[in-house]
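Me: Please take a close look at one part of this structure, the nonpolar core, and follow it out to the elements around it. Keep it brisk.

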Amino acid sequence: IKHHLKKAWDTQADQYKFWNREDSISGQAQMMLDMSPDSIQKEARILCLSADDDAANDPLHDKLPFGSRLLHTGSQSTDFPDELVNESPNVLFVSPSCPHARLILPLVLAKFPTIEWIHVRSAGIDFLESDELPYVGKKGIVMTNAKGQFSSSLSEYVMMACSYFAKDIPLLLSNKKEKKWDDFEIEELRGKTMG
């Protein structure tokens, strides 16, 4: 008797492995496990709440990992066809490009009660603040953001700003303009405390 093994990519299977990937096995084959459809624990069925012309959506159309599929993108709850309820979407990406996102988010969540995870594609979520937002967690929906998205560029900016003042760049630029090359004191950042 042959046993039929259900694979995560088998659309005929009545059951899928879901959500996060299997991580209890590590070693030489770890990379293959990470890329394997068998490692999928839960399929991510994604809705995206954003402006139609949002360039951040481009990777969603062709670069999603195994076990993830984009069901639909829209900027109004009415942009998402009612039939999508049958797909049981469980992930909602929200972009700051969505006009009136704070008003539309509760409508989308009411229309698709199967949403388990909301990911805000920005570091801040202030554009979503509303009276309804605190109830998201109470419904058991996980909400994440892109914390750290700008960490490197902000760190580099801070270092540039520190050097700007320590090395008195305004004076250097003024002297350059006046073709004046007098000696002047500059500070070192070494040993300084920021705070």
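Reply: The largest nonpolar core of this predicted model has 22 residues. L92, V94 and I118 have the most contacts inside it. Four elements, β1, β3, α3 and β4, each supply at least two of its residues. The largest share comes from α3, with five residues.

Take I118. Leaving aside residues up to four places away in sequence, I118 touches L92 and V94. It also touches L105 and L109. The rest of its contacts are V136, I141, V142, M143 and T144. A second core, separate from the one above, has six residues. Among them are A44, C48, L60 and F93.

Now the sheet. It is open, has five strands and pairs them in parallel. The order is β2-β1-β3-β4-β5. The edges are β2 (68-74) and β5 (142-144). Each has a single partner strand, so one side of each is left without a neighbour in the sheet. From one strand to the next, the twist averages 20°.

Next, the pair β3 and β4. Strand β3 covers residues 91-94 and strand β4 covers residues 117-120. They run parallel and are joined by four bridges. Across this pair, F93 stands opposite H119 in β4. F93 is also one of the residues of the second core.

Helix α3 (residues 101-111) packs on this sheet. It touches β1 (44-49), β3, β4 and β5. Its direction makes about 170° with that of β3. This is the helix that gives the largest share of the 22-residue core.

One more helix deserves a look, α5. It has 16 residues, 151-166. At 1.5 Å a residue, α5 should span 22 Å. Its end C-alpha atoms are 22 Å apart, which agrees with that expectation. The buried residues of α5 are A161, C162 and A166. They cover an arc of only 125° around the axis, which puts them on the same side of α5. On the other side, S152, E156 and Y157 are exposed. After α5 comes D168, with a positive phi near 50°.

To recap: L92, V94 and I118 have the most contacts inside the largest core. The strands β1, β3 and β4 and the helix α3 each supply at least two residues of that core. Helix α3 packs on the sheet.

Methods
Residues numbered from 1 in each chain as written. Predicted model: local features only at pLDDT ≥ 70, side-chain atom pairs only at ≥ 80, totals over all residues. Heavy atoms only, no water. Expected span 1.5 Å × (residues − 1). Buried < 20%, exposed > 50% of the residue type's maximum accessible area, 1.4 Å probe, protein only. Arc of directions from axis to C-beta. Pairing = 2+ DSSP bridges. Axes fitted to C-alpha atoms, helices over the stretch in contact; angles between N-to-C directions. Contact = heavy atoms within 4.5 Å. Core = buried A, V, L, I, M, F, W, Y, C linked by side-chain atoms within 4.5 Å.
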